[in-house]
Every structure is written in structure tokens, then in C-alpha cells.
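Visitor: I would like to learn how to read a structure of this kind, feature by feature. Please begin once it is on display.

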Amino acid sequence: MTTFDGNFAAGEDHSLDESVGRAHRGRDRLILIRHGQTHANIARILDTALPGAPLTDQGIIQSRRLGRVLLPSWDRLTEIVTSHALRARQTGAGAVAGLHHLAGPGVRLRHEAGLHEVQAGEIEGRSDFDAHRRFMEVFHAWLHGDAAAKIPGGESADDVLSRYLPVLRKLVAEGHDSADAAGSADAGRNIAVVSHGAAIRLIAQHLSGIDGQFVFDNPLPNAARVELVRDVDAGDGDEVGSWTLARWGELHHEPEEQ
């Protein structure tokens, strides 16, 4: 029987975990980063509506540390893309500042609609156990095949996928266009997105086809990330199972180069 521990809003500091994998020739790498710690995280508040709570001092430190985490990808990373949530924008700004400090200017900051957190509907703003349990019951249903489940006033998995995946498709296409213009069409690109825990986990399951119970049992702490890799010619970038899991938080699944 599945238990629900109500820790959706909680997060630990994993921002000093080792750096991202390098982009290999012929492979794209998608780096999905959860935002840094917020005041709502500390209070265990379901904070999904825009613009949302700001980062704590610890969250700001986490965001700056992401510069070092992303440093190995700097030569094939042109921008960091964030949701419109304040916490994601602040995290992206900190990561860009950290990269600029370590490697100089070059990586830009950009914000895109559609990358925000799963909307909690009528339980938005609550911090009680029952609200977290209801959110996680719906999330569990999504990961096990019921994409239509939702909290009243909130979103279904289908709703989240329909707004999130087109943004990823656009980012993949733009990366290939810039590679073509540079005469390196077969070179892998790194695509870094600062987003939100539940949304990242759902998208990662869709893109990689990983087991739903694994996704449910392994929440992402603040500033942790999921990394997915794929061949550069593997379609538009939003198809089910078109990416391979390389990292989930502290867990490594880096596939061997062919």
C-alpha cells in the first residue's frame, strides 16, 4: 500500500552535488532543475499559482552554486530558460550570475510560459497533511496511467503535458537551428530549464518512460535536477520515451556512448 508523507513542499540542499554531464557529439542533454528553496517550502505551503513565493537566503545561495554545477556544459549552453514563477526566475538569474563569474558572459537568461508548477486548485495555499495527501494521490494516479485525474480547480496530467511539451519542442528546435547556423548540426546541445518538482517529475516520466513508482518514490529536493539524453536526430524532442534518463537527483544512470 502506498503511503503519502506530505513532503511535496519540503526540500533539502543538494545544489553542491557534482556537475552535469558534458554534452557529447551527436547527443542532446536536457537538464531540468528544480528551483531553490522558498519561504513556502519551509512552511510546507502548496504554492503553485503564479508568481509564487520568493527564494530564501539559502535558496539564493543554491541558485548561485548552480553556476558551478552547470560549468562543464558552458561551451554548449547558450541560455538558461525558466518558468515565470518568481522562484524559478530568481534561481535562473543566480545560475547565470554564477556562470558569468566562473566563465565570463555568454549564457543568457530567458523566461517561458508553460513551464510552471502543477496547479493545486482548491487546495492552493494550504499546508495541512490532508492537502498534501490529496495532491500526492492525484500525482500518484498520473504516474500510474490516470492522466485525467485532478483536484477541483487544478490541472490534470494531460493539461500539464499540453502546455509544457510544446515549450520543450521549441527549445530543442532552436538548439538545432543554432547548431546548423554554426555548421555543427551533429553536435550535442545542452538545454537547461529551471522549473518545479512535480512538473519536472511528470515530464521526465513522459519523455523517458521510466517507472511511475520510481518517480513517485524519488522527489526532487530544491536545486536538484533530472538529466535526460537523446540522439540529436531522435525527432522533435517531446515524444514518449524519446529520451534516456542520465541522472535523477543523486542517482546516476548515465548511458554509455555508442
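The dialogue below takes the fold, the cores, the voids and some backbone details in turn.

Visitor: What kind of model is this, and how many helices and strands does the protein have?

Guide: This is a predicted model. The protein has seven helices and seven strands. Read from the N terminus, the order of elements is β-α-α-β-α-β-α-α-β-α-α-β-β-β.

Visitor: What share of the residues is buried, and what area does the protein expose?

Guide: Of the 258 residues, 55% are buried. The exposed area is about 10600 Å², and carbon and sulfur atoms supply 51% of that area.

Visitor: Among contacts between residues at least 6 apart in sequence, what percentage join residues at least 24 apart?

Guide: The value for this protein is 76%.

Visitor: How should I read the interior, and which residues have the most contacts inside the largest nonpolar core?

Guide: In soluble globular proteins, nonpolar side chains tend to be buried together. Here the largest nonpolar core has 45 residues, and those with the most contacts inside it are Leu 30, Phe 135, Trp 142, Tyr 164, Leu 168, Val 193 and Val 226. Elements that each supply at least two residues of this core include strand E1 (27-34), helix H4 (129-143), strand E4 (190-195) and strand E5 (225-231). Helix H5 (157-181), helix H6 (197-208), helix H7 (212-217) and strand E6 (244-248) also each supply at least two. H5 provides the largest share, nine residues. Another core lies apart from this one; it has 15 residues, among them Ile 31, Val 69, Leu 70 and Ile 80.

Visitor: Which residues does Trp 142 touch, beyond those up to four places away in sequence?

Guide: Trp 142 touches Val 118, Ala 147, Ala 149, Glu 155, Ser 156, Ala 157, Val 160, Leu 202 and Gln 205.

Visitor: Is Leu 161 buried or exposed, and what does Leu 161 touch outside its sequence neighbourhood?

Guide: Leu 161 lies in helix H5. Its relative accessible area is 16%, under the 20% cut-off, so Leu 161 counts as buried. Leaving aside residues up to four places away in sequence, Leu 161 touches Pro 166, Leu 202, Ile 203 and His 206. Leu 161 and Ile 203 are 42 residues apart along the chain, yet their C-alpha atoms are separated by 7.1 Å.

Visitor: How many cavities of 30 Å³ or more are there, and what lines the second largest?

Guide: The structure holds two of them. The second largest cavity contains about 50 Å³ of space. Its lining consists of Val 118, Gln 119, Ala 120, Phe 135, Val 138, Phe 139, Trp 142, Ile 151 and Glu 155. By class, seven of these are nonpolar, one is polar and one is charged. Trp 142 is thus on this lining, and Trp 142 also touches Val 118 and Glu 155.

Visitor: Which residues are closest to the centre of the second largest pocket?

Guide: That pocket holds about 180 Å³ of space. Of its 14 lining residues, Thr 78, Glu 79, Leu 171, Glu 174 and Gly 175 are the closest to its centre. Strand E2 (79-82), strand E3 (108-111), H5 and E4 each supply at least two lining residues, and H5 gives the most, with four. The lining divides into five nonpolar, four polar and five charged residues.

Visitor: What should I look for in the backbone, and which peptide bond is cis?

Guide: Most residues other than glycine have a negative phi, and most peptide bonds are trans. In this model the bond from Leu 50 to Pro 51 is cis, with omega near 5°. Pro 51 lies in the loop between helix H1 (39-43) and helix H2 (57-70). Arg 44 is found in the loop between H1 and H2 and has a positive phi of about 60° although it is not a glycine. With a relative accessible area of 31%, Arg 44 is partly exposed.

Visitor: Where is Ala 223, and is Ala 223 buried or exposed?

Guide: Ala 223 is in the loop between H7 and E5. Its phi is positive, near 70°. Ala 223 is buried, at 1% relative accessibility.

Visitor: Which residues are in contact with Glu 239, beyond its neighbours within four places in sequence?

Guide: Glu 239 is in contact with His 206, Leu 207 and Ala 234. Glu 239 lies in the loop between E5 and E6 and is partly exposed, with a relative accessible area of 28%. The C-alpha atoms of Glu 239 and His 206 are separated by 7.8 Å, with the two residues 33 apart along the chain. His 206 is also one of the residues that Leu 161 touches.

Note on methods. Residues numbered from 1 in each chain as written. Predicted model: local features only at pLDDT ≥ 70, side-chain atom pairs only at ≥ 80, totals over all residues. Heavy atoms only, no water. Core = buried A, V, L, I, M, F, W, Y, C linked by side-chain atoms within 4.5 Å. Buried < 20%, exposed > 50% of the residue type's maximum accessible area, 1.4 Å probe, protein only. Contact = heavy atoms within 4.5 Å. Areas by Shrake-Rupley, 256 points an atom, 1.4 Å probe, with all protein chains shown as cover. 1 Å grid on protein atoms, 1.4 Å probe; cavity = no way out; pocket = protein on both sides within 12 Å on 5 of 7 lines; lining within 4 Å. Points joined across faces, edges and corners; volume = space filled by probe spheres on them. Nonpolar A, V, L, I, M, F, W, Y, C, P; charged D, E, K, R; others polar.
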